[in-house]
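Colleague: Could you take me slowly through one part of this structure, the open sheet, and then show me how that part fits with the rest? I am still new to reading models, so please explain the words as you go.

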Amino acid sequence: MTVKELASLLGGTLQGDGARDIRGVAALEKAGPNHLTFADSERALEHAAASQAGCVLVPETATLGGGATSIAVKHPKLAFVRAVEALCPARKPEPGIHPSAVVAADAALAAEVSVGPNVVIARGAKIGTRTRLDAGVVIGEGTEIGSDCRLYPRVVVYPGSRIGNRVLLHAGVVIGSDGFGYVMAEGRHHKFPQLGQAIIEDDVEIGSNSTVDRGSLGTTIIGQGTKIDNLCQVAHNVTIGRHCVIAAQTGIAGSVEIGNDVVMAGQVGIADHIRIEDNVQIGGHSAIFPGKIVRRGSVVWGSPARPIVDYKKQQACLAQLPKLMDRLKELARRAGNGG
Amino acid sequence: MTVKELASLLGGTLQGDGARDIRGVAALEKAGPNHLTFADSERALEHAAASQAGCVLVPETATLGGGATSIAVKHPKLAFVRAVEALCPARKPEPGIHPSAVVAADAALAAEVSVGPNVVIARGAKIGTRTRLDAGVVIGEGTEIGSDCRLYPRVVVYPGSRIGNRVLLHAGVVIGSDGFGYVMAEGRHHKFPQLGQAIIEDDVEIGSNSTVDRGSLGTTIIGQGTKIDNLCQVAHNVTIGRHCVIAAQTGIAGSVEIGNDVVMAGQVGIADHIRIEDNVQIGGHSAIFPGKIVRRGSVVWGSPARPIVDYKKQQACLAQLPKLMDRLKELARRAGNGG
Amino acid sequence: MTVKELASLLGGTLQGDGARDIRGVAALEKAGPNHLTFADSERALEHAAASQAGCVLVPETATLGGGATSIAVKHPKLAFVRAVEALCPARKPEPGIHPSAVVAADAALAAEVSVGPNVVIARGAKIGTRTRLDAGVVIGEGTEIGSDCRLYPRVVVYPGSRIGNRVLLHAGVVIGSDGFGYVMAEGRHHKFPQLGQAIIEDDVEIGSNSTVDRGSLGTTIIGQGTKIDNLCQVAHNVTIGRHCVIAAQTGIAGSVEIGNDVVMAGQVGIADHIRIEDNVQIGGHSAIFPGKIVRRGSVVWGSPARPIVDYKKQQACLAQLPKLMDRLKELARRAGNGG
């Protein structure tokens, strides 16, 4: 694809040599003469001017010095995503069912479904058009999966789960496993029924080896467009809204309610029954303890998490604490002398 | 089943319409006229009076207003568990070995064992009566598993492990993997032998993608009736007592000794060689650092964890710290002026 | 093997009965008359004198009382590792491809490779000499794996990954899954391309259910001889140096650079783009937040992590904080009275 063709595809303004041949993409520091790259910060733009890149996607407001070839677009990173879709299309597997797969007679597979080796699909499952189940995936009884999904190797979906369209579940993800609930009586823990469902809405992506439990009596829901990183835990009866971003190793305990557009950094812990409203941001390694409501748009950090201004002030004070102690002792000594 | 039959089954006292037909269970807020539910708090009892539920299990001391039908029992939640067992019995798989399973010639499978598709059972393994191995489970050489267990899809049990009766291991659990031990010498880490065993006693349940390492020279033991949530790590040579409850993403380092009836919330970290005595409770996101013994019945929280009273006092002080700083500066200024 | 033969094998100095027959190894407290064990601390040496062990490996400087049989060596624990290799050699599987494995026609398998049941090897993959792939392992297209590796059951390697020699990947490990990167635009998260590679160098060991993402445009690298425990997360574009030791449930965010010989205890969190230089040690449950460089040889602890001296001082101050508050109030009262 030439730079000119790319500019036309992306609806951007070409500057420089439109005839250049672009064959792939690379990060700015590694881009060569046949690579497309992007620069969306002042620092990146400086580097871009000196880069070997065949073409750089830049913001409309920027001018790239040094005779480099560029395409100015509204949103360089988004344009880069689209260019990659055109330049490096994901190879589709040939649809069909691998002979080693074990598919129940009454499972309903739509057109162009791809079922890899050793996949197991239980009774009553429904798989939508063009969905791809990689090697070793296990689909429980009565599960419904939409179209254009990809379940990477060894994903397990427990019976009765519902998965939307364009969902990506990475290797080792478990959907719909039993929640962690017991009744302590007569000196032992009796397992509380885990009869509910796990629902994963459209456009969700979940990272490797993460786990999402089914509802106990209710439902666990991960809302449309939400993205969850590796090794996260979503407990029973949790509701997560739309377009949230939840980084690795975060754990969300039972019956938590999370709004839309919430962002959590890695290793966050949310205790059970917490409510987190829309647009909240939670810093890494934070913990939110029982009984809290985190209000719309708050930015919180720490363990226990508090508004980021307070968190930073507290950290600053903590750093001064040893000196403060010495000073206080001195004051006390003087006061004693003076008294 | 009628309400009257349920009351008789649960040994409770019926109030209201015993002829009602109960076909399923639901949470209090969602229960309809054919649902059984339960109410075991004052707030739940208030809701219950106005609920559409066909029947509500209530404590013996409670009276439910509004003409609702109820059964009074000693322990409503436990009675609910038992009612569910009667109303919604888990469907048993047909016993037998799926033709795609790979079972060693000398593996000993007891009566009514169910072996799913693509299960692998290595030499010398023994599987007890009615135990169910779901799709893709891998049982290592010489492993012994008791009766009435269920290993969900893709559980891996390393060679030589021993698993009791009625054990539930959820999808992706790994039992008996190598502990994390090395000898640093000659500029590199030499793997320390991991020759010991992992033992999971009766009635243990372990959540999805959790890992339990084998002993290095000794044994890792998870005691009878203990429940472990998703994504937990139990390291080599750990001993966990009976009836403990360990929530998600908790990690227990090597050679830790944990007593009976210990409760840990989520994301707790226990450093190696710690001793935690019976009936200890540890708050979420807490860390217990090397060299500690946590005494019988303590309730601890924080990182590092301390008695909950101290933890709360400290948190209160921390919140006041910025003000304290200002005050101190003021005092110092005055003292300086006065001096 | 006799004690005399062992002494000769290990190049150590025999004291006591060289004719004793050693058939296995055990921990010091459990060693019987046919067991080899080791003692490398003063306390262990005291116990060793009274032990039933057939033979004890001791430091060259030590003398074991009580008529016990011992071999004095430079490094008892390392000698023990070597003795175990001789006394308890790991049983090699018979090489060959299990008939249930699904191996692409153009995959290149070197001599003596062992491929277990239900393994899937995609097009263009290369597997080195004597490497062992256990049941259910999935090897993505174009992946290269060196010789003498062992991939335990259900490991998944995404396409295009590169794995060195003598690498051990435990059950459920995922290598090369997509990094967690999105472009927020037009009200939703667009998936950023994850086209890079994951490279695992020689002699790396990774614990059960850990995950290592591929680079987005660049490469994720785990350096030679580094050891990673269970349930760890290594994000996209991370570089980890040689001979690091990273304990369980640690998470390393995107583009972090870690030097050589770094040690991290369990549940550590490293925010994105952090640089950690050689020989750094990080205490358990610590968090390192954005924008930090942790300098060569530092020992840090806490959340946020700080030099261990400061961390300990701060913790000591924190413990005194409630008393300090009371004292301050008293001072303020007096100052008020005096003013």
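Modeller: Happy to! One word first: two strands pair if DSSP finds at least two bridges between them. Please also keep in mind that this is a predicted model.

With that in hand, look at chain C. Strand β14 (residues 144-145) and strand β17 (residues 162-163) of chain C pair over two bridges, in the parallel sense. Those two bridges are enough for a pair, because the cut-off is at least two. Within this pair, I145(C) stands opposite I163(C) of β17(C).

Now widen the view. β14 and β17 of chain C belong to an open sheet of ten strands, with parallel pairing. Reading across chain C, the order is β8-β11-β14-β17-β22-β25-β28-β31-β34-β37. What stands at the edges of this sheet? The edge strands are β8 (108-109) and β37 (293-294) of chain C. Each has a single partner strand, so one side of each has no neighbour in the sheet.

Let us step further along that order. Strand β22 (residues 197-200) of chain C runs parallel to strand β25 (residues 219-222) of chain C, and four bridges hold the pairing. In this pair, I200(C) has I222(C) of β25(C) as its bridge partner. β25(C) is also joined to strand β28 (residues 239-240) of chain C, again in parallel, by two bridges. On that side, I222(C) has I240(C) of β28(C) as its bridge partner. You can therefore follow a path by eye from I200(C) to I222(C) and on from I222(C) to I240(C), given that strands count as paired when at least two bridges are found between them.

For a contrast in direction, find strand β20 (residues 182-185) and strand β21 (residues 188-191) of chain C, which pair over four bridges in the antiparallel sense. Here A185(C) has R188(C) of β21(C) as its bridge partner. The hairpin of β20(C) and β21(C) has two residues between the strands, and E186(C) takes a positive phi near 55° in it.

Next, what follows the edge strand β37? The loop between β37 and β38 (299-302) of chain C holds R295(C). R295(C) has 14 other C-beta atoms within 10 Å, which means that this residue is partly exposed. In sequence R295(C) is 20 residues from R275(C), while their C-alpha atoms are 8.4 Å apart in space.

Further along the chain is Y311(C), which sits in helix α4 (residues 308-338) of chain C. Is Y311(C) buried or exposed? The answer is partly exposed, because 19 C-beta neighbours lie inside 10 Å, and a buried residue needs 20 or more. Apart from neighbours within four places in sequence, Y311(C) is in contact with W301(C), G302(C) and R306(C). From Y311(C) to G251(C) the C-alpha distance is 21 Å, with their positions 60 residues apart in sequence.

Let us move from the single chain to its fellow chains. Chain B superposes on chain A by a rotation of 120° with 0.0 Å of shift along the axis, at an RMSD of 0.0 Å. That is the relation of a three-fold axis. Chain A is superposed on chain C by a rotation of 120° too, with 0.0 Å of shift along its axis and an RMSD of 0.0 Å.

How do the chains touch? Between chain A and chain C, 47 residues of chain A are in contact with 47 residues of chain C. On the chain A side, α3 (76-87) and α4 (308-338) each give two or more residues, and α4(A) has the largest share, with nine residues. By class, that side of chain A has 23 nonpolar, 19 polar and five charged residues. Likewise, 47 residues of chain B are in contact with 47 residues of chain A. There, α4(B) supplies the largest share of the chain B side, nine residues.

Finally, look at the nonpolar interior. The largest nonpolar core has 212 residues, and V155(B), L169(B) and I175(C) are among those with the most contacts inside it. Leaving out neighbours within four places in sequence, V155(B) is in contact with V137(B), L169(B), A171(B) and V173(B).

Notes: Residues numbered from 1 in each chain as written. Chains lettered and ligands numbered in written order. Predicted model: local features only at pLDDT ≥ 70, side-chain atom pairs only at ≥ 80, totals over all residues. Contact = placed C-beta atoms within 7 Å. Buried ≥ 20, exposed ≤ 12 C-beta atoms within 10 Å, placed from the backbone. Least-squares fit on C-alpha atoms with pLDDT ≥ 70 in both. Core = buried A, V, L, I, M, F, W, Y, C linked by C-beta atoms within 7 Å. Nonpolar A, V, L, I, M, F, W, Y, C, P; charged D, E, K, R; others polar.
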